[in-house]
Amino acid sequence: MAKTIVVKQIGSPIRRPAKQRQTLIGLGLNKMHKTRELEDTPAVRGMINKISHMVEIVEEKG
């Protein structure tokens, strides 16, 4: 079974660059305090690092 991580949105995309909003949408997040369970891949980790001020990793499984 592949490793997964649970990501939670903690920051608003209001008054942020469009690329950051698009990165949030790419992770499947669009509302405050919403969580998503994602596969732990380098691409996903890179997206999380890009918007680390708006998301937090709640849990790492696997």
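Author: In what follows, a residue is buried under 20% relative accessible area, exposed over 50%, and partly exposed in between. The model discussed here is predicted.

Reader: As what does Asp-40 count at 25% relative accessibility: buried, partly exposed or exposed?

Author: Buried requires a value under 20%, and exposed a value over 50%. Asp-40 has 25% relative accessibility, so the residue lies between these limits and counts as partly exposed.

Reader: With which residue does Asp-40 form a salt bridge?

Author: The closest N and O atoms of this pair are 2.8 Å apart. The partner has 26% relative accessibility and is therefore also partly exposed. The residue that forms the salt bridge with Asp-40 is Arg-45.

Reader: Asp-40 and Arg-45 are linked in a network of salt bridges with which other residue?

Author: Arg-45 forms a salt bridge with a residue whose closest approach, N to O, is 3.3 Å. The pair links distant parts of the chain, 15 residues apart, with Arg-45 in helix α2 (residues 42-50) and its partner in strand β3. At 54% relative accessibility, this partner is over the 50% limit and therefore counts as exposed. The residue linked with Asp-40 and Arg-45 in the network is Glu-60.

Reader: Which side chain meets that of Lys-61 in a salt bridge?

Author: A search of the whole structure finds 3 salt bridges, and the one at Lys-61 has an N to O distance of 3.4 Å. It links distant parts of the chain, strand β3 and strand β2, through residues 24 positions apart. Lys-61 is partly exposed at 33% relative accessibility, and its partner is partly exposed at 43%. The side chain that meets Lys-61 is that of Glu-37.

Reader: In what order do the 3 strands form the open sheet?

Author: Strand β1 (residues 4-9) pairs with β2 (residues 35-39) in the antiparallel sense over 5 bridges. β1 also pairs with β3 (residues 55-61), again antiparallel, over 6 bridges. The edge strands, each pairing on one side only, are β2 and β3. The order is therefore β2-β1-β3.

Reader: How many degrees does the twist average from one strand to the next?

Author: The value refers to the open, antiparallel sheet of 3 strands. From one strand to the next, the twist averages 25 degrees.

Reader: Which residue of β3 stands opposite Lys-8?

Author: Lys-8 has a bridge partner in β2, namely Thr-35. Elsewhere in the pairing with β2, Thr-4 stands opposite Glu-39. In β3, the residue opposite Lys-8 is Glu-56.

Reader: How many residues of strand β1 are buried?

Author: The strand runs over residues 4-9 and is mostly covered. Of its 6 residues, the number buried is 5.

Reader: Within what arc do the buried residues of α1 fall, seen down its axis?

Author: Helix α1 spans residues 18-26, and its buried residues are Gln-20, Thr-23 and Leu-24. An α-helix has 3.6 residues a turn, so residues three or four places apart point the same way. The buried residues of α1 line one face of the helix because, seen down its axis, they fall within an arc of 100 degrees.

Reader: What do the elements covering the buried residues of α1 include?

Author: The face of α1 turned away from its buried side carries the exposed residues Ala-18, Lys-19, Gln-22, Ile-25 and Gly-26. On the buried side, the covering elements include β1, α2 and β3.

Reader: The side chain of which residue is joined to that of Gln-20 by a polar contact?

Author: Gln-20, at 18% relative accessibility, falls under the 20% limit and so counts as buried. Not counting residues up to four places away in sequence, Gln-20 touches Ile-51, His-53 and Met-54. The polar contact, 3.3 Å between side chains, joins Gln-20 to His-53.

Reader: Which residue takes a positive phi just after α1?

Author: Helix α1 comprises residues 18-26. Just after this helix, a positive phi of about 85 degrees is taken by Gly-28.

Notes:
Residues are numbered from 1 along each chain as its sequence is written. This is a predicted model: local features need pLDDT of at least 70, side-chain atom pairs count only at pLDDT 80 or more; totals for chains, interfaces and linings use all residues. Side-chain values use heavy atoms; hydrogens and water are left out. Buried means under 20% relative accessible area, exposed over 50%, partly exposed in between (1.4 Å probe, protein chains only). Helices (H or I, at least four residues) and strands (E, at least two) are DSSP runs, numbered from the N terminus. Two strands pair if DSSP finds at least two bridges between them. A salt bridge is a side-chain nitrogen of Lys or Arg within 4 Å of a carboxyl oxygen of Asp or Glu. A polar contact is a pair of N or O atoms within 3.5 Å; within protein, one must be able to donate a hydrogen and the other to accept it, and residues adjacent in sequence count only if both atoms are side-chain atoms. Contact means heavy atoms within 4.5 Å. Axes are lines fitted to C-alpha atoms, for helices over the stretch in contact, and angles run from 0 to 180 degrees between N-to-C directions. The arc is that of the directions from the helix axis to the C-beta atoms.
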